[in-house]
Each structure stands twice: as C-alpha cells, then as structure tokens.
Amino acid sequence: MRLSRSLATGAATLALLATLSGCGSDSESGSEASTGADSVFGSDAGSGGGSGQTTTGGLPQASDTESIASYLNRYTPCQSVATGDEYDGGHDGDAWGTDESEDPAWGIEERAVCTDGSDRPIALLTVSDMKEFQTAARASGDEFLVGEDFAVVPVGDEAIRSLRQSDLRFLTCDADLAVPSGFEKEPALVDGCVLTNYVPE
C-alpha cells in the first residue's frame, strides 16, 4: 500500500483520525462488510472503557500514546514504546514525524514510536486539533490511519495489513483514490480529504 510521502524514503506510511460524527459519518450504510462495527476494520465498536475505547461514531479514542499502543496491540505488536526524541536518537528518520511533531500547524500534542513484530517503527500521534492535522496532511500529501483523536503511521507491510482489522480509518487527500464497491468513503473535516475503511495495497 502507498504510505506517507515523508516515509516513502524509508517505506510506506499511514495514520489515523477524524471523528466520523464530525465528518458526517454517524449513519453508516452499505454492505455487510463495511458498515458500523462490522466494517472490514473489525468489530470493536462499543467495546467499553479503557485504552482505545471506541466511540459511538465508530472511531477509537486514546488519551495518550500509551493508550494508542494498547489499542494497536489488539491487532499488531506495538512494543518498546519510546518518546519520539528517544527513538529518533538511535534511528535516523525511520519513523514519521520527527519534524512535523515540532510544527504547531500539525496540531500534534504528543509523538511516540513503537516497533512491530519485524522491528519496523510505528509512529503514534495524539492530535489536539484534528482539523489542523488534516489541513497539514492535505498540504503535505501524507496519508494516515486515524482514530478520533490520534493518528498512527506504520511502516511495515505486516502491521499495515493487521491494522486493517481495526476500527481505524485511512485518511487521504488524494482526489484520485478509487474506493471499491462495498467500502465506506466519507468526507473528512477538511475539504478534499476523505476517510475510508479501504486501505490501498
């Protein structure tokens, strides 16, 4: 699958976020494989409190990067969680967001990095303002897997495939993205961007 252009130099990129209720996605309709809690991303909706709680809109929430890691661990390994600075100190630009997390325009509150089962990085981003985040994503051309208030950027193909079973959504501002029949595609918070449960190869 194609990932963020910032990570294209090191691998594919993705991330998560944008409240479906804020995107006009509260009423999800379509095929059995792509609606509500039974979407292709899994059936965690309404799974209850704690880390990675899923909202009525279908998107998971996480109050901090540890909560994001806890949520991801349901689907793919997210181990050895370190702050962005700690991870970057021993890895030169492997994980997304080294510069972006320092730029207020992205609305990123906290950045951490964990590693998947193949020791590939997954950037974990808590987002204080999703509209700002999506605006910056549109300007950069980067793509993410998003929850309601966080985004993630996996690099490894195995982690990306595993996260398709989650309730995260693929955020893209690519006007040419063709979403196959049976998948959801909803407007994001920013004109020209969409959220979908279809994750391109």
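Two strands count as paired here if DSSP finds at least two bridges between them. Keep that in mind as you move through this predicted model, since much of the tour follows strands and their partners.

**Stop 1: the whole chain**

Start with a cartoon view of everything. You should find five helices and eight strands, and walking along the sequence gives the order α-α-β-α-β-β-α-β-β-α-β-β-β. Of the 201 residues in the protein, 54% are buried.

**Stop 2: strand β6 and its neighbours**

Select residues 169-172, which make up strand β6. Show the side chains: Arg169 and Leu171 point one way, while Phe170 and Thr172 point the other. In a regular strand, side chains alternate between the two faces of the sheet. All four of these residues are buried.

Now add residues 144-146, strand β4. This strand pairs with β6 in the antiparallel sense, over three bridges. Which residue of β6 does Leu145 stand opposite? Click across from Leu145 and you land on Phe170.

Next, add strand β8, residues 194-196. Strands β6 and β8 are also antiparallel and share three bridges. Here the bridge partner of Phe170 is Thr196, so keep Phe170 highlighted: it faces Leu145 in one pairing and Thr196 in the other.**Stop 3: strand β5, an enclosed strand**

Move to residues 150-154, strand β5. Is this strand mostly enclosed or open? Five of its five residues are buried, so β5 is largely enclosed by the rest of the structure. Buried here means under 20% relative accessible area. Both faces are covered, with Phe150, Val152 and Pro154 on one side and Ala151 and Val153 on the other.

Bring in strand β3, residues 121-127. Five bridges join β3 to β5, and the two strands run antiparallel. To see one contact point, select Leu125, which stands opposite Ala151.

Then look back at β4, which pairs with β5 in the antiparallel sense over two bridges. Leu145 turns up again at this stop, standing opposite Val152 of β5.

**Stop 4: the hairpin and Gly147**

Follow the chain from β4 into β5. A hairpin of three residues joins them, and Gly147 lies in this loop. With a relative accessibility of 0%, Gly147 counts as buried. Try a distance label from the C-alpha atom of Gly147 to that of Phe170: the separation is 9.3 Å, for two residues 23 apart along the chain.

**Stop 5: two salt bridges**

How many salt bridges does the structure hold? There are two, and side chains of opposite charge can pair in this way when their charged atoms come close.

For one of them, select Asp88 and Arg111, whose side chains meet at 2.8 Å, N to O. Asp88 sits in helix α3 and Arg111 in strand β2, so this pair ties together parts that are 23 residues apart in sequence. Both Asp88 and Arg111 are buried.

For the other, select Glu184 together with Arg169, a residue you met in β6. Their closest N and O atoms are 3.2 Å apart. Glu184 lies in the loop between β6 and β7 (185-187), so its bridge to Arg169 in β6 links parts that are 15 residues apart in sequence. Glu184 and Arg169 are both buried as well.

**Stop 6: a negative patch on the surface**

Switch to a surface view and colour by charge. Select Asp85, Glu86, Asp99, Glu102 and Asp103, which form a negative surface patch. Zoom in on Asp103, in the loop between α3 (84-90) and β2 (108-115). Is Asp103 buried, partly exposed or exposed? Its relative accessible area is 33%, so it counts as partly exposed.

**Stop 7: two residues with positive phi**

Finish with backbone angles. Most residues other than glycine have a negative phi, which is a good reason to look at the next two residues.

Select Ser80 in strand β1, residues 79-83. Its phi is near 55 degrees, a positive value in a residue that is not glycine. Ser80 counts as exposed, at 59% relative accessibility.

Then jump to Asp119, in the loop between β2 and β3. Asp119 is not a glycine either, and its phi is positive at about 60 degrees. With a relative accessible area of 56%, Asp119 is exposed too.

Methods: Residues are numbered from 1 along each chain as its sequence is written. This is a predicted model: local features need pLDDT of at least 70, side-chain atom pairs count only at pLDDT 80 or more; totals for chains, interfaces and linings use all residues. Side-chain values use heavy atoms; hydrogens and water are left out. Patches are made of residues with over 30% relative accessible area and no salt bridge: like charges are joined within 9 Å, nonpolar side chains (Val, Leu, Ile, Met, Phe, Trp, Tyr) within 5 Å. Accessible areas come from the Shrake-Rupley method with a 1.4 Å probe; for residues, only the protein chains shown count as cover. A salt bridge is a side-chain nitrogen of Lys or Arg within 4 Å of a carboxyl oxygen of Asp or Glu. Lys and Arg count as positive and Asp and Glu as negative; His and the chain ends are not counted. The place of a charge is taken as NZ of Lys, CZ of Arg, CG of Asp or CD of Glu. Helices (H or I, at least four residues) and strands (E, at least two) are DSSP runs, numbered from the N terminus. Buried means under 20% relative accessible area, exposed over 50%, partly exposed in between (1.4 Å probe, protein chains only).
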